[in-house]
Amino acid sequence: MSTIAFQTLPFGAEAAKRLARGLGLACDEIALHRFPDGELRVTVAPAADTTILYAALDQPNDKLIALLFAAEALRRGGARRLVLVAPYLCYMRQDTAFHAGEAISQRTIGTLLAKVVDRVVTVDAHLHRVSDIGAVFPGIEAENLSAMPAIAKALAQAGVDPATIVIGPDAESEPWVRDLAGRLGLQHTVARKIRHGDRSVEIVLDDAALLAGRPALMIDDIVSSGTTLMVAAKTLKAAGASAVDSVVTHALFPPPMIAAFTEAGIRSVRSSDSVPHPTNAIALDEILAASLAREHNPTSPPETTT
């Protein structure tokens, strides 16, 4: 009989342990030791035939090295199948060479991980010029889950003003905005983003009158610098929105920025627990557990999240 185990890098361990409990598994935390010269020593727990390896991959450079070392140790320890659960998948945004000489990080990381694990499970990966995440990970299984079911459930439980307008900052956000609004029975719209630089953007509302006197709920996949969020909030307030709240899948911005968001007119910022962050308010346990359930019974069909 095959065995299954769950191990996590020591980042996002709280979410990992909660997910493991939901799957009926113990969760072992992988030990990292940093030598004076910055090199890492990685020590894993005993491997199982199938080992689920959880890694929150924000601030990714050291974590990727730790992940590679952990995979090597687990394979050598007897793991025949490695399943990487990376709720936030790093280096997906550079999916083409925007300027001469640039590396395409998405292609490099995808090829690298495909050589060391058998399956990747992630959430709202930043895929714009790639329609299928399978193309990022050649030769292995890969799933890009939507956080919208978890976000909709959390918002519905907290209560949402039925007059709320769900809004996305740009055309790329339209699928998430439409999905979430449909689940909550709310109206939605999408703004246009004109980017002038990493920290300089302009947000244009084509139907600004829709916002007048109504709460606005901004949805985005990733917030890192926070510039888009703040500019959008000011634009929405100028259009007459009575309140502005924000929900993001991946909160990559420094926690001190929360004060700047408040100053920009954002009443609340909530994020999923894809990476540890003070704004975490939405657990991804259910959607991840549904996807991972077939690891207990490999003959069952893949789960779908609706």
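**Entry 1: the largest cavity**

I looked up the volume of the largest cavity in this predicted model, and the value is about 50 Å³. I then listed its lining: I167, G168, P169, M218, I219, D220, T228, L229 and A232. Next I asked which elements give two or more residues to this lining. They are β9 (165-168), β13 (215-223) and α6 (227-238). By residue class, I noted six nonpolar, two polar and one charged for the lining of the largest cavity. The charged entry is D220, and G168 is counted as polar.

**Entry 2: the second largest cavity**

How much space lies in the second largest cavity? I recorded about 40 Å³. Its lining consists of A15, R18, L19, Y54, P87, D273, S274, L284, D285 and L288. Two elements, α1 (13-22) and α8 (285-292), each supply at least two of these residues. I also checked which element gives the most to this lining. That is α1, with three residues. The classes here are six nonpolar, one polar and three charged. I matched the charged group to R18, D273 and D285, and the polar one to S274.

**Entry 3: the count**

Last, I looked up how many cavities of 30 Å³ or more the model holds. The count comes to three. For two of them I have lining lists: the largest, with M218 and L229 among its residues, and the second largest, with Y54 and P87 among its residues.

Methods: Residues are numbered from 1 along each chain as its sequence is written. This is a predicted model: local features need pLDDT of at least 70, side-chain atom pairs count only at pLDDT 80 or more; totals for chains, interfaces and linings use all residues. Side-chain values use heavy atoms; hydrogens and water are left out. On a 1 Å grid over the protein atoms alone, a cavity is a set of points where a 1.4 Å probe fits but cannot get out, and a pocket is an open set with protein on both sides within 12 Å along at least five of seven lines; lining residues have an atom within 4 Å of a point. Grid points are joined across faces, edges and corners, and a volume is the space filled by probe spheres set on the points. Helices (H or I, at least four residues) and strands (E, at least two) are DSSP runs, numbered from the N terminus.
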